[in-house]
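Biologist: I would like a close look at a single part of this model, taken slowly and with its surroundings described. Please begin with the loop residue whose backbone caught your attention, and then work outwards from there.

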Amino acid sequence: MRLLVLFLIVIFGCKKTEPNIEADYIWDSLYVTATAYNAVIEQTDSNPSITAFGDSLKPGLKCVAVSRDLLRLGLRHNIPIKIEGLEGIYIVNDKMHSRWIKSIDVYMGEDIKAAKQWGRKRVCIDYGIPKENYN
């Protein structure tokens with residue numbers, strides 16, 4: 001009997017429900033200029049693995065920096081975005097210098113070659129506005 005209970009707990013009790021990110025947000029679209037960056041001193045500051053929001057970067061994370069004008073449009077810290085030409089959902093966790101407008105910078109770890117291959121392009125992004133913040 002104990003073995004059966006333990007089995008049921010393992011099978012059903014440990015199942016984590018994934019949040020439905022699509023349903024938790026109202027999605028809007030915007031065209032931006034997209035570039036890519038790496039967590040290296042030559043492209044950032046003396047601590048390249050810490051973002052302007054104070055988050056830690058690690059290779060493999062799907063993160064972006066946004067120009068400060070986009071912050072006012074709702075692309076704030078931890079907002080999910082989908083980027084035309086890239087798979088998956090990225091999270092806003094960094095800010096670009098104030099000289100940039102209508103731009104995102106896609107984090108590509110330490111892979112400088114991948115960042116150069118991405119280059120600079122105009123893309124459509126979809127970004128999520130939390131339903132509780134939507135007017």
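Modeller: In this predicted model, K102 counts as partly exposed, because its relative accessibility is 37% and the partly exposed class lies between the limits of 20% for buried and 50% for exposed. K102 belongs to the loop between β4 (90-95) and β5, and its phi is positive, about 45°, although the residue is not a glycine. As a general matter, most residues other than glycine have a negative phi.

The loop between β4 and β5 also holds R99, which counts as exposed because its relative accessibility is 57%. R99 and D69 are 30 residues apart in sequence, and their C-alpha atoms are 9.9 Å apart in space.

A positive phi is also found at N78, a residue other than glycine, where the value is near 70°. N78 sits in the loop between α2 (68-72) and β3 (80-83), and it is classed as partly exposed because its relative accessible area is 43%.

From the loop of K102 the chain leads into β5, and this strand (residues 103-107) pairs with β2 (residues 63-66) in the antiparallel sense, over 3 bridges. Within that pairing, V64 stands opposite V106 of β5. Both strands are part of a barrel that 6 strands close in the order β1-β5-β2-β4-β3-β6, with mixed pairing, and the twist from one strand to the next averages 45°.

V64 also leads to the interior, since it is listed among the residues with the most contacts inside the largest nonpolar core, a set of 23 residues in which V66, I81, I83, I104 and I125 are listed alongside it. The elements that give two or more residues to this core are β1 (25-37), β2, α2, β3, β4, β5, α3 (112-118) and β6 (121-130). A second, separate core has 7 residues, including Y37, A39, M96 and Y107.

Once its neighbours within four places in sequence are set aside, V64 is in contact with I81 and I83, with Y90, I91, V92, N93 and D94, and with D105, V106 and Y107. Y107 thus appears among the contacts of V64 and is also a member of the second core.

How values were computed: Residues numbered from 1 in each chain as written. Predicted model: local features only at pLDDT ≥ 70, side-chain atom pairs only at ≥ 80, totals over all residues. Heavy atoms only, no water. Pairing = 2+ DSSP bridges. Helix = DSSP H or I, 4+ residues; strand = E, 2+ residues; numbered from the N terminus. Axes fitted to C-alpha atoms, helices over the stretch in contact; angles between N-to-C directions. Buried < 20%, exposed > 50% of the residue type's maximum accessible area, 1.4 Å probe, protein only. Core = buried A, V, L, I, M, F, W, Y, C linked by side-chain atoms within 4.5 Å. Contact = heavy atoms within 4.5 Å.
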